[in-house]
Amino acid sequence: MKSATNPQKEMEKQHKNPVENLIAEKYKYGFVTDIDSDIAPKGLNEDIVRFISAKKNEPSWLLSWRLKAFRLWQTMSEPSWAKLNYAKIDYQDAHYYAAPKVKPDIKSLDQIDPKIRQTYDKLGIPLHEQQQLAGVAVDAVFDSVSVATTFREELAKAGVIFCSISEAVQKYSEIVQKYLGTVVPYSDNFYATLNSAVFTDGSFVYIPPGVRCPMELSTYFRINAAKTGQFERTLIVADRNSYVSYLEGCTAPMRDEHQLHAAVVELVALDEAEIKYSTVQNWYPGDEQGRGGIYNFVTKRGACRGFRSKISWTQVETGSAITWKYPSCILQGDESVGKFYSIALTNHFQQADTGTKMIHLGKKTRSTIISKGISAGKAQNTYRGLVRIQPGADQARNFTQCDSLLIGNMCGAHTIPYIENRNKQSYTEHEATTSKISEEQLFYCQQRGLSAEDAVSLIVNGFCRQVLQELPMEFAVEAQKLLGISLEGSVG
Amino acid sequence: MTNIVLDIQNLHVMRDGKKILDGLNLSITEGSLDAIMGPNGSGKSTLSYVIAGHPNYQVTQGTISYLGQNLLNMSVDERARAGIFLGFQYPIEIPGVSISHFLRLIYNSRSRQLGEKEVDSFTFLKKLKELRLQLGISEDMMSRSLNAGFSGGEKKKLEMLQMVLLRPTIAILDEADSGLDIDALKIVASTINQQRQQSKSIVLITHYKRLLTYTVPDKIHIMSKGKIVKTGNQDLALQLEEKGYDKVIKAPIAGSV
Ligand SMILES: Nc1ncnc2c1ncn2[C@@H]1O[C@H](COP(=O)(O)OP(=O)(O)OP(=O)(O)O)[C@@H](O)[C@H]1O
Ligand SMILES: [Mg+2]
C-alpha cells in the first residue's frame, strides 16, 4: 500500500520497490567459467611451495626466498587488531595453485582458450586488440595465472616492460631480484609472508628513465576455481623521471564458501618519477545473509625512493566480505609526495578495515589522505590510518580528511587515526566528519522526480566526488555505477 | 466550467502525534494563481509537504485528488513526475552533487514522463544558459554543489529555475519571495506570469503583498490553525497589511466566500 496515511509503509514502498527491481542485476560478475584447469592438491606445506616454484621454472634464488618466507609464516599468527569478525580460516582447506590448461607458449592473443576469452568479454574486458579501448593495455590474470597481456609491441617501442611477473622472473630476472621484497619484505606480516611463499602470478611493470608510459596499464584479476586462494604479486618500478598510471580491477564468482585473496603490491619510484595506482575492487561480497564472499587481505606499499618522487593510491572498494588493506607510502626521497584517496563502501554484512600509512623520512615530504567510508545495512566500516613523521623529516606536512556516511541505523563507521609527529618543524592536520543521508535530502531529490534508488546513488556519488575525480575517466564512470549497484537494498 | 487540478477535502494531518492540519478544504483550478497567507505556524508549509507526499506526515482523514487521481496513493517521485512541483521554503543542501548534473538528470526524467526524448548535454546546456540568463543566475553557480553555501536569494532563484525546467502542471511555491532583492523579486514575478500564460496553476505561499502587486492572484486564501478560514481577492492582502490577521479573520468582509 502506498497511502500517506501510513508513513511506515509509505517509506517502505518508496524505498524497497526500486530496490527489489535491482536485485535481479545484483552481482552480475558471479558466473563460473567451465574450463580444464591444472590444480595442486589441497593444503599447504613445503612441497606445495616447491611445486609452485617448479611449475614456474623459477631460478633457485626465488625458491629459497619462498622457502624462507614459508618457514617464517609457520611461526606467525594471524593479526587480530583489526575491527573484523570472522570464523578462523583453515589454511589447509584450499588449493594454492590453479591454472587454466593453456598451451605452453601463447604467441598471440588468438591462442587463448576461447572460454577464458569469453569470460573477459562478459566482464567487459575484450582481449582482442582490435576491440580494445584505445589507450589501455591489459594484463588478464585468471585464477593464478596471467593469460594475456595486450598492446605489448606498442609498449615495447617506448621501452616499457609490462608482463606477468612469472614471465619477468624468466626474462628480466635481474630487475625482479633487485626490487622484489624491498618494499614489502617477506617477513612483513602474516598475509604478505604467506603471499611470498605461494604467490602464483601478478603483473610486472618497468618504466625506463625519462619515459612517460604512452597508455594506461591495467590488470584484471579474476578468481574462477572453487576452493582456491589467490595470491598475486605485483611489482612496479618507475625509473628516474618517468610516469605511469596503473589500474587494477577484480571480480569473482558467487560461491557459498569464503575464498581467500592475499595479494602484495610493491611500487618503487626513483628520482622525480610518478606512479598513479588506481583500484576498483569488486570481489564477490557475499549475499544479504553474509554467506560467502572474498576475504581480501592485501598488502600494498609504495616507496618514494627518489627526490621529488610521487606515488598516489586511489581505491574504490565495494566488494569482498572482508577487506583488510592499507596502501601505504614510504616517503624516503626529499620533497617526495604520497597521496591516498579512498572510497570504501560496505553493505549487508560486509566488513572493511582499511586506510593507509604515510611514513615521512625525507625533508619537505608531503602526504594527503582523503577517505570516504560509506556503510549501509549491517555493515562495519573502519578507517585506520597512520601518519608518522620521523625526526629527520624537516618541514614535512600531512593533511588528512576522513568522512563517513551512514545509511540506516544498523551499520557502523569508525575512524582510528594514529598520528606520530617526531619533528618540531613539521605539522599534520586532521579532519573527520560523520553524517547520515538525511530524509530531507532524499525527499528533495524525489520531489524533483528521482526514484529513491537514484537519489541515494546521487547523494553517495556526491559524497565521493573528491575521490572519484582522481580516477581515470572510464574507471570513474564504472565506479559510479558500481556504487549505485552496491547500495541496493540499503534504504528503507 | 474550469477544470479542477487539485482538490483537497477535509484534510486532517498529524506529525509526531501533533495535529497540524485540521479539516482543510482547497480547490485549485487550471491556470489559476492562488495565494495562501497566514500567521507563522498556521500550517502552510505542512500543506505543501503533504501535497508533495513527505513521508513524515500522517493523513488521518480527508482526500486529495489530482487531475481526478487519488494523490495519496502515489509516492513522492511519482507525484513529482506527474507534474507537481514544490518550491521549498528552505531548499536542502546536497554536497558534492553539481547543479548542472542534477538539473540535467531531473530535466530528462521529466521529459521521459512527458514522452519527449532526452536531450544531449550540448542541447541541454544551451537551454540552461537561456533560462539562467532570464533568471539572473551566474554561470559559475552551475558547477557548485547543489544549494551548498548559497545565499537565501540564490537558493530561491535556483528553485525557480528547477520549476521552469520541470514544466509542472501545478507549482506550490513556499515563500518564493522571502529574502529576494527588488530585481530578483521582479524576475520571480515575471517567471510566475509566464507559467500562468501557459495555463499552469500556481499556489503562492507568502507573508507579504509585495510580490502580489507584480503578479496579481486570482484568489487569496487565509490560513489559520490548520485550515483555510477566508478566501477573497487582492483586497484581502491590503486589509491584512493594515489590520493584521486577528481582525481580518474575525471580520465578515465583502468578497469572502
Ligand atoms: N515534527 C513536529 N512536531 C510537532 N510539531 C510540528 C512538527 N513539525 C511542525 N510542527 C508544527 O506544525 C505547525 C505548522 O508548521 P508549518 O511549518 O507548516 O507552518 P507555516 O505556516 O509554514 O509557518 P511559517 O509561516 O513560519 O513558515 C507549527 O506549529 C510547527 O511547530
Ligand atoms: Mg512555512
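## The β1-β2 hairpin of chain B

In this predicted model, the bridge partner of B:Ile4 in strand β2 of chain B is B:Thr29, and further along the two strands B:Asp7 stands opposite B:Ser27. Both pairs belong to the contact between β1(B), which spans residues 4-15, and β2(B), where the strands run in the antiparallel sense over nine bridges. The two strands form a hairpin with two residues between them, and B:Asp16, which lies in that turn, has a positive phi of about 45°. As background to that angle, most residues other than glycine have a negative phi.

The hairpin is part of an open sheet of four strands in chain B, which follow one another in the order β2-β1-β4-β5 with antiparallel pairing. The edge positions are held by β2 and by β5 (69-70), each of which pairs on one side only. On the edge strand β2 of chain B lies B:Asp22, which counts as partly exposed at 30% relative accessibility. Between the C-alpha atoms of B:Asp22 and B:Arg132 there are 40 Å in space, for a pair that is 110 residues apart in sequence.

## The surroundings of ligand 1

The turn residue B:Asp16 appears again at ligand 1, which is surrounded by 15 residues, the closest being B:Asp16, B:Lys44, B:Ser45, B:Thr46 and B:His207. Sorted by class, this shell holds two nonpolar, eight polar and five charged residues. Which element contributes the largest share of the shell around ligand 1? That share, three residues, comes from helix α1 of chain B.

Several polar contacts can be described individually. On the side of the ligand's nitrogen atoms, one of them lies 3.1 Å from a polar side-chain atom of B:Arg15. For its oxygen atoms, one is 3.0 Å from an N or O atom in the side chain of B:Asn40, while B:Gly41 places a backbone N or O atom 2.9 Å from an oxygen atom of ligand 1. Taken on its own, ligand 1 has 640 Å² of accessible area, of which the protein covers 68%. The elements that give two or more residues to the shell are β2 (18-29) and α1 of chain B.

## The magnesium ion

B:Ser45, one of the closest residues to ligand 1, also takes part in the coordination of the magnesium ion (ligand 2), where its OG atom and the OE1 atom of B:Gln89 are the donors, at 2.0 to 2.2 Å. B:Ser45 lies in helix α1 (residues 44-52) of chain B, whereas B:Gln89 lies in the loop between β6 (84-87) and β7 (94-98) of that chain, so the pair ties together parts that are 44 residues apart in sequence. Is B:Gln89 buried or exposed? With a relative accessible area of 17%, B:Gln89 is buried, because a residue counts as buried under 20%.

## Strand β17 of chain A and its partners

In chain A, strand β17 (residues 337-346) has nine of its ten residues buried, so this strand is largely enclosed by the rest of the structure. One partner of β17(A) is strand β14 (residues 310-317), with which it pairs in the parallel sense over eight bridges; within this pairing A:Ser312 stands opposite A:Lys339. Another partner is strand β19 (residues 366-375) of chain A, and here the parallel pairing extends over ten bridges, with A:Ser342 opposite A:Ser371.

A:Thr346, a residue of strand β17 of chain A, is buried, with a relative accessible area of 2%. The C-alpha atoms of A:Thr346 and A:Thr365 are separated by 33 Å, although these residues are 19 positions apart along the chain.

## Positive phi angles in the loops of chain A

Where in chain A does A:His348 lie? A:His348 is located in the loop between β17 and β18 (351-360) of chain A, and it has a positive phi of about 50° although it is not a glycine. A:Lys364 is found in the loop between β18 and β19 of chain A, and its phi is near 55°, again a positive value in a residue other than glycine. At 41% relative accessibility, A:Lys364 counts as partly exposed.

Conventions
Residues are numbered from 1 along each chain as its sequence is written. Chains are lettered from A and ligands numbered from 1 in the order in which they are written. This is a predicted model: local features need pLDDT of at least 70, side-chain atom pairs count only at pLDDT 80 or more; totals for chains, interfaces and linings use all residues. Side-chain values use heavy atoms; hydrogens and water are left out. Donors are N, O and S atoms within 2.8 Å of the metal (3.2 Å for Na, K and Ca); water is not among the atoms, so sites may look incomplete. Buried means under 20% relative accessible area, exposed over 50%, partly exposed in between (1.4 Å probe, protein chains only). Two strands pair if DSSP finds at least two bridges between them. A residue is near a molecule or strand if one of its heavy atoms lies within 4 Å of it. A polar contact is a pair of N or O atoms within 3.5 Å; within protein, one must be able to donate a hydrogen and the other to accept it, and residues adjacent in sequence count only if both atoms are side-chain atoms. Accessible areas come from the Shrake-Rupley method with a 1.4 Å probe; for residues, only the protein chains shown count as cover. Ala, Val, Leu, Ile, Met, Phe, Trp, Tyr, Cys and Pro count as nonpolar, Asp, Glu, Lys and Arg as charged, and the others, Gly among them, as polar.
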